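Grab a coffee and open the viewer: here are a few exercises to work through at your own pace. Try each task yourself before reading the solution.

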Amino acid sequence: MQAHEEGQLMRVSAIINGKPRVFHVEPRMHLADALREVVGLTGTKVGCEQGVCGSCTILIDGAPMRSCLTLAVQAEGCSIETVESHSQGEKLNTLQDSFRRHHALQCGFCTAGMLATARSILAENPAPSRDEVREVMSGNLCRCTGYENVIDAITDPAVVEAARRGEV
Amino acid sequence: MMKHEVAALKKKSIGTSVLRREDTRLLTGRGRYIADLVLPGMLHAVALRSPFAHARILSVDVADAQALQGVEIVWCGPDVAELSQGIVSTMQVEGFQTTVQPVLANGIARFVGEMVAVVVASSRAIAEDAAQLIQVEYEELPAVTDVEAALAGEITANDTLSGNVVSRFSRAHDDLEPIFASSAGTVRGSFACGRVSACPIETRGAVAEYEWTTQQLVLWTATQMPGFVRTMISMFCSIPEHLIEVRVPDVGGGFGQKAHLHPEELLICLLSRELGLPVRWIEDRQENFLGATHAKQQRNEMALAYDEQGRFLALENHSITDGGAYNNLPWSQLVESHVGNAVILGVYKVPAVREESVAVATNKSPIGAYRGVGFTAGQIARETLIDRAARQLGLSPFEIRRRNVVKPEDFPFTNRLGQTHREGTYLQTIDLLEEMVNPKVFRQRQAEAWARGKYLGLGISVFNEVTGTGTRTMSFLGTPATTHDTATVRIDPTGKVTVTTSLASSGQGHETTLAQVAADALGVPVSDVVIQSGSTKHTYGFGAFASRGAVIGAGSIGRAASIVRERVKQLAGHLLEASSEDIVIEDGRVHVTGVPAKGMPFTEVVGAAYFAEAAHPPGFDAALEATAAYDPSDLILANGGHAAIVEIDAGTYAVKVTDFFAVEDCGTMINPMIVEGQIRGGIAQAIGQTLLEEVIYDDLGQLVTTTFMDYLIPTTLDVPDIQIRHLETPSPLVPGGVKGMGESAMISAPAAVVAAVNDALAHLGVVIETVPITPERIFRSIQERSVQ
């Protein structure tokens with residue numbers, strides 16, 4: 001346990017998108033801000049900072065979490081995946097490509113959080129029903145699409161296939 | 001006028017669902033939104049806002065805040081008043097009261113959330129720390145918290161005005177009394193809509209960088225109207241316009257909210273100039289509820305008289321808007337009732353009309369533009385009353401509408417309010433919608449469900465919509481203004497095409513669809529075209545609002561492209577020894593019409609235009625870059641309809657939208673996939689406004705909804721799968737026959753939901769005329785009815 005004085009930076013070491021990283025933050029900074037402003041990964045978005053909109057959803061040790069309700073210092077020793085890790089080389093992965101083919105995004109602000117939750121569903125169940133997808137995605141708000149195309153994208157056969165191979 | 005010109009183009013890419021080129025960056029975390037921007041030395045601005053609806057500011061003590069480590073500057077009202085009087089909002093409408101919204105409240109605060117002071121510091125957290133150290137002494141004043149109080153006039157919401165009536169206007173005042181007295185049937189309703197927020201998932205934000213060595217200012221802002229913002233910054237901050245550039249990054253949703261000039265935009269420009277460093281303002285969710293505009297709060301006392309066949313004889317509507325403390329810029333408080341009443345007859349023929357629209361000032365955040373603007377409220381009222389009339393006559397909701405719409409043989413038809421319908425599919429929409437719904441089967445389900453304690457309801461809404469909004473539409477709506485929108489098209493030396501537009505996208509897909517238009521205008525593949533937007537360095541326009549992007553884009557890009565296309569044809573004609581009128585460009589080849597063999601690759605002709613002077617015909621203007629303005633010569637009316645089916649639980653009063661049907665006619669669709677995305681998104685927002693969302697001020701003028709816990713927007717569980725069918729009636733006034741549709745669903749889908757709830761409860765003798773329709777409202781309506 002490190003002792004801490006106000007204004008003092010604390011050292012955090014975590015694995016981010018597969019790479020061990022060390023960064024320094026004040027305890028009052030949440031993880032979303034740390035990823036965006038300290039680590040420099042702005043793909044994680046901030047829509048409410050109250051844990052409701054889900055735009056900041058990332059995977060921590062494989063589980064979807066609200067990075068706005070996680071202190072950056074709580075990332076110590078964790079493995080974090082942000083939206084920046086999903087593409088393979090310079091190609092969209094199957095889920096991202098499905099989002100594009102189904103027009104599951106407009107302004108794109110909710111997309112990172114959508115992809116994180118979708119990934120966690122598909123990791124548990126490669127072929128969820130539309131109802132199951134609607135249920136699990138209900139914690140991610142989107143103001144543009146009306147959601148249907150998001151459900152289409154997640155239940156696309158190519159995504160199911162990729163999820164079965166463990167590749168989303 | 002040249003700006004009315006409709007460029008010819010051959011549709012090829014237009015009409016196809018090209019996948020969006022913006023998606024790749026938006027799916028990989030590589031989108032660049034306003035909050036992602038980083039500049040060297042960037043400082044952070046945070047506002048302290050009024051906790052009272054109406055209060056005199058007796059003193060502001062900023063000494064402790066100023067002394068906090070990391071704080072660069074603290075300003076309150078008088079500091080800013082020296083530099084800018086604020087936002088002047090006016091309208092060329094008789095009797096309209098101009099307002100001036102100060103950047104920071106100066107001596108008096110007129111709504112909860114109005115900025116009283118601003119802190120700039122090395123981080124946003126430290127700026128918030130400092131803001132909490134500011135001591136403000138207020139003397140509370142009585143506040144105007146609703147339209148009744150505003151009209152009573154005992155308290156003045158904004159002491160710079162004379163009374164609270166900002167505008168009172170009437171276009172038609174036929175004598176309806178004899179008609180209502182003698183008509184076979186009359187339906188009346190007192191309709192009310194609560195305030196809502198556009199609630200984009202990305203809040204508002206801006207970053208300003210003033211450079212004293214060049215006296216140039218760059219303002220990055222999440223706006224739908226960059227050209228407009230640049231001119232207004234120049235006017236209200238007294239900075240020469242040519243030294244200002246406005247840049248627009250990717251924008252995380254706008255829906256009208258980002259189509260206003262925000263006081264914060266002025267403020268950070270002034271702060272950056274003062275400090276000589278970049279200043280960043282990124283609001284949080286609570287500030288979006290407190291300080292941005294709200295919308296849709298109108299009351300409509302409407303009555304409809306009809307004969308025994310269900311033909312409408314007269315319509316009366318008294319509409320009043322709760323306008324907030326100031327006029328927003330540029331739409332003003334006229335954005336609701338005033339423009340709403342201009343189209344109150346919609347698609348129907350009504351011979352006698354009496355209407356009045358009133359806007360009143362209240363001590364709330366200014367009312368503003370949100371998708372569908374003031375058209376939604378009247379649509380809700382009218383369509384609900386039409387369904388009610390149909391029930392009273394034993395007609396289906398489809399049939400009564402068939403008997404009243406402007407029919408195919410009627411076009412062109414000018415209605416009592418001066419709107420001329422030239423082309424559209426009103427009647428066909430009704431038929432198609434009926435086919436989609438299959439009402440016979442639904443009525444059976446409805447009757448059977450009562451036994452299970454489920455009230456099912458079907459609601460219908462048929463609409464038309466002004467699109468491609470320009471000078472003519474603004475004049476028709478009674479808010480006269482001349483619009484200006486240019487595009488630049490450059491054919492690059494290698495035959496690629498660079499298009500510059502002042503339209504700013506906030507998710508609606510311009511980057512893809514405008515490329516489709518330009519590609520067809522020049523006869524080249526869409527992949528050879530790039531759309532440049534988001535900088536005021538080139539082209540000038542009003543931006544994206546009022547379902548105008550596709551139309552204004554097609555018109556302006558079409559005109560600019562036709563200028564350079566003519567030059568290519570002129571050169572090709574010279575080289576091919578043919579008249580330039582006989583030259584066509586298609587599939588990347590330039591050839592004589594009907595003789596593809598007698599041709600050259602597009603790239604070769606373009607190369608010659610740039611670099612082979614010997615090939616040029618006499619008097620040839622070799623510039624392959626042109627700019628042109630476009631403004632439609634008349635209204636461009638799109639149309640369509642929505643049908644909603646809802647299920648209300650008789651025990652818990654929970655409402656579920658189980659089915660949604662949409663028919664859309666936006667003329668030629670540029671990209672059907674994107675059009676459907678627009679419809680689905682608008683329907684989701686419609687479900688939100690009618691069943692879930694309400695920004696609430698209490699009796700003291702306190703804002704009691706400032707988080708997503710209190711303000712509920714629809715989720716995956718609130719919006720059903722949606723069935724969509726398309727009709728296409730091309731507009732002769734726009735290249736390709738394109739019409740607009742971005743707002744369509746937020747104009748019409750809310751009415752379908754409200755009508756559906758009223759249909760579900762009709763057998764109980766219950767009506768609900770207020771949105772949102774919450775379980776509490778349903779419970780009360782049913783209770784009050786049982787008591788009677």
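## Exercise 1: the three-stranded sheet

In chain B, Ala55(B) stands opposite Ala109(B), which belongs to S6(B). Keep in mind that this is a predicted model.

**Task.** Starting from that residue pair, work out which strands S6(B) and its partner belong with, and where the edges are.

**Solution.**
- Step 1: S6(B) pairs with strand S2 (residues 55–61) of chain B; the two run antiparallel and share two bridges.
- Step 2: Now widen the view. The open sheet around them has three strands in the order S6-S2-S8 (chain B), and the pairing is antiparallel.
- Step 3: Strand S6 (108–109) and strand S8 (135–140) of chain B each have a single partner strand, so one side of each has no neighbour in the sheet.

## Exercise 2: the seven-stranded sheet

**Task.** Trace the strand order of the open sheet of seven strands in chain B, and find its edges.

**Solution.**
- Step 1: Reading across, the order is S3-S7-S1-S14-S11-S12-S13 (chain B), with mixed pairing.
- Step 2: Strand S3 (71–76) and strand S13 (244–247) of chain B are the edge strands, as each pairs on one side only.
- Step 3: On average, neighbouring strands here are turned by 20° against each other, ignoring direction.
- Step 4: For an antiparallel example, take strand S1 (residues 43–49) and strand S7 (residues 115–121) of chain B, which pair over six bridges. Within that pair, Ala47(B) sits opposite Val118(B) of S7(B).
- Step 5: Helix H8 (residues 263–275) of chain B packs on this sheet and touches S1, S3, S7, strand S11 (205–211), S12 and strand S14 (279–282) of chain B. The helix direction makes about 30° with that of S11(B).

## Exercise 3: zooming in on S12(B)

**Task.** How many residues of S12(B) are buried, and how does S12(B) run relative to S11(B) and S13(B)?

**Solution.**
- Step 1: Five of the six residues in S12(B) are buried, leaving the strand mostly covered.
- Step 2: S11(B) and S12(B) run antiparallel and are joined by six bridges. Glu211(B) has Gln216(B) of S12(B) as its bridge partner.
- Step 3: Four residues lie between the strands of this hairpin, and Gln215(B) takes a positive phi near 60°.
- Step 4: With S13(B), S12(B) runs parallel, over four bridges. Trp220(B) finds its bridge partner in Arg247(B) of S13(B).
- Step 5: Helix H7 (residues 226–237) of chain B lies across strand S12 (216–221) and S13 of chain B, at about 145° to S13(B).

## Exercise 4: a helix pair in chain A

**Task.** Describe how helix H2 (residues 94–101) and helix H3 (residues 111–124) of chain A meet.

**Solution.**
- Step 1: Their axes come within 11 Å and cross at roughly 125°. That angle makes H2(A) oblique to H3(A).
- Step 2: The crossing is right-handed.
- Step 3: H2(A) brings Leu95(A), Gln96(A) and Phe99(A), while the H3(A) side includes Met114(A), Leu115(A) and Leu122(A).
- Step 4: Sorted by class, the contact has six nonpolar, two polar and one charged residues.

## Exercise 5: an enclosed helix

**Task.** Is helix H1 (residues 31–39) of chain A largely enclosed or largely open?

**Solution.**
- Step 1: Seven of the nine residues of H1(A) are buried, so the helix is largely enclosed by the rest of the structure.
- Step 2: Among the buried ones are Leu31(A), Asp33(A), Arg36(A) and Val39(A).
- Step 3: The buried residues of H1(A) pack against strand S1 (10–16), strand S2 (19–25), strand S3 (57–60) and strand S5 (79–81) of chain A.
- Step 4: Just after H1(A) comes Gly40(A), with a positive phi of about 90°.

Note on methods. Residues are numbered from 1 along each chain as its sequence is written. Chains are lettered from A and ligands numbered from 1 in the order in which they are written. This is a predicted model: local features need pLDDT of at least 70, side-chain atom pairs count only at pLDDT 80 or more; totals for chains, interfaces and linings use all residues. Side-chain values use heavy atoms; hydrogens and water are left out. Two strands pair if DSSP finds at least two bridges between them. Axes are lines fitted to C-alpha atoms, for helices over the stretch in contact, and angles run from 0 to 180 degrees between N-to-C directions. Contact means heavy atoms within 4.5 Å. Angles under 35 degrees count as roughly parallel, over 145 as roughly antiparallel, 65 to 115 as roughly perpendicular and the rest as oblique. A crossing is left-handed if the near helix is turned anticlockwise from the far one by less than a right angle, and right-handed if clockwise. Ala, Val, Leu, Ile, Met, Phe, Trp, Tyr, Cys and Pro count as nonpolar, Asp, Glu, Lys and Arg as charged, and the others, Gly among them, as polar. Buried means under 20% relative accessible area, exposed over 50%, partly exposed in between (1.4 Å probe, protein chains only).
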